[in-house]
Amino acid sequence: MMKSLLSIDDLDRSGIIEICDLAESFLTVTHRDIPKVPALRGKTVASVFYEESTRTRLSFETAAKRLSADVMTMNMSSSSVKKGESLRDTVQTIEAMGVDAMVIRHSGAGAPNRVATWVDLSIVNAGDGRHEHPTQALLDVYTARRHLGADLSGARIAIVGDIRRSRVARSTTKAFAQLGAKVTLVAPPTMLPDSLVGWPVVASSDFDSVLPEVDLVYLLRIQHEREDSLAFPSLREYTERYGLTRDRADRLRPEVLIMHPGPMNRGVEIAPEVAESDASVITEQVENGVAVRMAVLYHLLGSGAAVA
Amino acid sequence: MADAMRAGDKTPSGVANSKAEARPEVLFSDGGHFVFRAKVFDANDLRRAITRIAHEIVERNHGAEDLVLLGLYTRGVAIAHRIAEVIASFEDLTVPVGALDVAFFRDDISLRQVVPLGATEVPVDIGDRIVILVDDVLFTGRTVRSALDAITELGRPRSVQLAVLVDRGHRELPIRADSVGKNLPTKKVEDVRVRLTEVDGADDSIELWGPVDEPFDPAITESQ
């Protein structure tokens with residue numbers, strides 16, 4: 001039995017499928033008049049976000065509440081972190097209050113792994129630096145399977161954007177590859193990792209040639225608020241070569257799926273009308289995110305956890 | 001723990017095992033060795049019991065108008081459909097049938113692995129209707145308790161009744177069935193195995209199995 005979800009590598013192929021199957025059950029729960037089950041009654045989940053987030057945080061908190069767990073939220077701006085408390089002291093303080101799981105986001109890669117060595121509770125990585133974002137990967141795989149079929153082997157997936165700095169790209173690529181999909185990373189050379197050794201993917205810097213032969217286009221957010229990390233002369237030039245414009249969307253296969261982890265920069269990596277098109281399942285990703293996170297929390301805290 | 005794994009409880013292990021024909025049979029998730037002990041029902045007995053249960057339900061409720069049958073996964077769903085068929089044959093009315101998965105409502109979620117067995121599908125608004133819960137084996141009563149909680153989330157029925165093929169005793173909660181196919185006194189360690197054509201691919205039957213090393217007293221079972 002798994003205790004924590006720190007990296008998508010914590011799950012093998014069957015583990016990923018198991019979470020997806022569980023999420024399917026939870027999705028039906030979220031559609032009911034009373035979208036709540038008592039599965040994690042008496043458990044407490046703390047959400048500890050050292051980095052800004054709305055959707056991931058709300059998604060986890062909604063998921064925990066729909067499982068009837070109690071949710072503790074640490075607000076960074078008013079917490080002792082402002083007074084200079086160390087990460088270790090903070091998480092040990094939270095542990096001492098008797099929580100069962102901690103959902104953690106941190107700008108430092110590997111922070112959740114460190115936390116897992118300091119405290120004896122389930123840790124869920126909600127994004128650490130440029131390292132991993134495993135629940136995003138799971139909801140991406142879940143959403144793709146709902147549309148492309150449960151068997152993703154042979155599905156052709158293009159992940160487009162700043163691969164090098166993206167934790168989403170890292171986790172999602174590995175998850176898709178685990179299920180046998182063929183992943184192509186599309187980015188300017190400055191946004192590709194220095195080495196792709198060990199990555200089960202191919203890379204391309206020519207989006208236009210990749211366009212017509214993929215089943216799924218996954219666009220990453222360009223973090224333009226961090227000017228230094230842009231790694232490209234201008235946003236306009238990025239959009240011209242790597243943005244999913246209307247013109248490019250027209251050259252995609254008719255049954256293609258368009259995904260984006262959000263928040264979107266409309267007009268940068270994706271044209272507004274493409275984001276609203278029938279091929280786009282971006283809002284569905286958000287909806288599925290709650291069900292998938294319910295599945296993860298249930299997997300870690302319910303389902304035999306006490307005897308594991 | 002071991003008790004919770006026995007049939008009459010919603011675990012995948014009992015389902016996985018039910019198709020095997022060879023005796024003595026091994027392969028229970030607790031590692032125990034089980035052997036065949038007694039045939040409780042053959043296909044005809046089972047058909048008659050379901051027919052009687054169908055009539056009892058309609059009789060007790062003075063008709064079938066407001067009924068809805070909710071089967072508990074896995075075999076309860078199949079039995080609910082059969083009861084609805086029988087009712088349709090003499091009442092000229094089709095009672096809606098739904099399926100209930102109680103996994104997330106169980107009270108032993110943290111004690112063992114509990115996975116959903118199917119999707120909850122309730123075709124009608126159960127508010128102000130008479131809900132008949134249907135299951136194959138009534139044992140500890142914990143599955144039924146979970147089902148009562150699950151129903152509460154779906155609405156407020158006028159009443160909830162329970163129909164089971166086998167009541168094997170050993171209740172751990174104050175729960176009883178309104179219609180019973182067969183009262184079967186058992187030992188707690190024994191195992192009641194229900195097979196239904198549409199679920200198991202084998203002929204309908206109900207059998208009593210027990211651990212190899214546990215002495216078997218046929219008188220307990222025969223007395224009924």
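Start by selecting strand E8 (residues 216-219) of chain A together with E9(A): the two pair in the parallel sense over three bridges. Keep in mind as you click around that this is a predicted model. Now show the side chains of Tyr218(A) and Met259(A), the latter in E9(A); these two residues stand opposite each other.

Widen the selection to the whole sheet. Which strands does it hold, and in what order? You should find five strands in an open sheet, ordered E7-E6-E5-E8-E9 in chain A, with parallel pairing. Colour the edges next: strand E7 (201-204) and strand E9 (257-259) of chain A each pair on one side only. Turn the view to look across the strands, and you'll see neighbours turned by 20° against each other on average, direction ignored.

Add helix H5 (residues 134-148) of chain A. Which strands does helix H5 of chain A lie across? H5 lies across E8 and E9 of chain A, and runs at about 165° to E9(A).

**On to the other sheet**

Hide that group and pick out the open sheet of four strands in chain A, with the order E2-E1-E3-E4 and parallel pairing. Strand E2 (70-74) and strand E4 (122-128) of chain A are at the edges with a single partner strand each, so one side of each has no neighbour in the sheet. From one strand to the next, the twist averages 15°.

Zoom in on strand E1 (residues 44-49) of chain A beside E2(A). How many bridges join E1 and E2(A)? Five, with the strands paired in the parallel sense. For one spot to label, take Val48(A), whose bridge partner in E2(A) is Met74(A).

**Two helices that cross**

Bring up helix H4 (residues 111-118) of chain A. This helix lies across strand E3 (101-106) and E4 of chain A, at about 160° to E4(A). Then add helix H3 (residues 87-96) of chain A. The axes of H3 and H4(A) come within 10 Å and cross at roughly 55°; H3(A) and H4(A) are therefore oblique to each other. The crossing of H3(A) past H4(A) is right-handed.

Who meets whom here? Show Leu87(A), Arg88(A), Val91(A) and Gln92(A) on the H3(A) side, and Ala111(A), Val115(A) and Trp118(A) on the H4(A) side. Coloured by type, the residues of this H3(A) and H4(A) contact come out as five nonpolar, one polar and one charged.

**Zoom out to the domains**

Colour chain A by its domain assignment: domain 1 is 8-132 + 286-307, and domain 2 is 134-285. Over C-alpha atoms, the centres of domain 1 and domain 2 of chain A are 25 Å apart. Their contact takes 24 residues from domain 1 and 21 residues from domain 2 of chain A.

Stay on the domain 1 side of that contact. Select helix H1 (13-30), E4 and helix H11 (282-301) of chain A, the elements that give two or more residues to the side touching domain 2. Which element gives the largest share of that side of domain 1 of chain A? H11(A) does, with seven residues. By type, the domain 1 side of chain A divides into ten nonpolar, six polar and eight charged residues.

**Last stop: chain B**

Finally, turn on chain B and look at where it meets chain A. The contact takes 13 residues from chain B and 13 residues from chain A. On the chain B side, seven of the touching residues are nonpolar, three polar and three charged.

Key:
Residues numbered from 1 in each chain as written. Chains lettered and ligands numbered in written order. Predicted model: local features only at pLDDT ≥ 70, side-chain atom pairs only at ≥ 80, totals over all residues. Pairing = 2+ DSSP bridges. Axes fitted to C-alpha atoms, helices over the stretch in contact; angles between N-to-C directions. Contact = placed C-beta atoms within 7 Å. Nonpolar A, V, L, I, M, F, W, Y, C, P; charged D, E, K, R; others polar. Parallel < 35°, antiparallel > 145°, perpendicular 65-115°, else oblique. Left-handed = near helix turned anticlockwise from the far one by under 90°. Domains from an automatic or database assignment.
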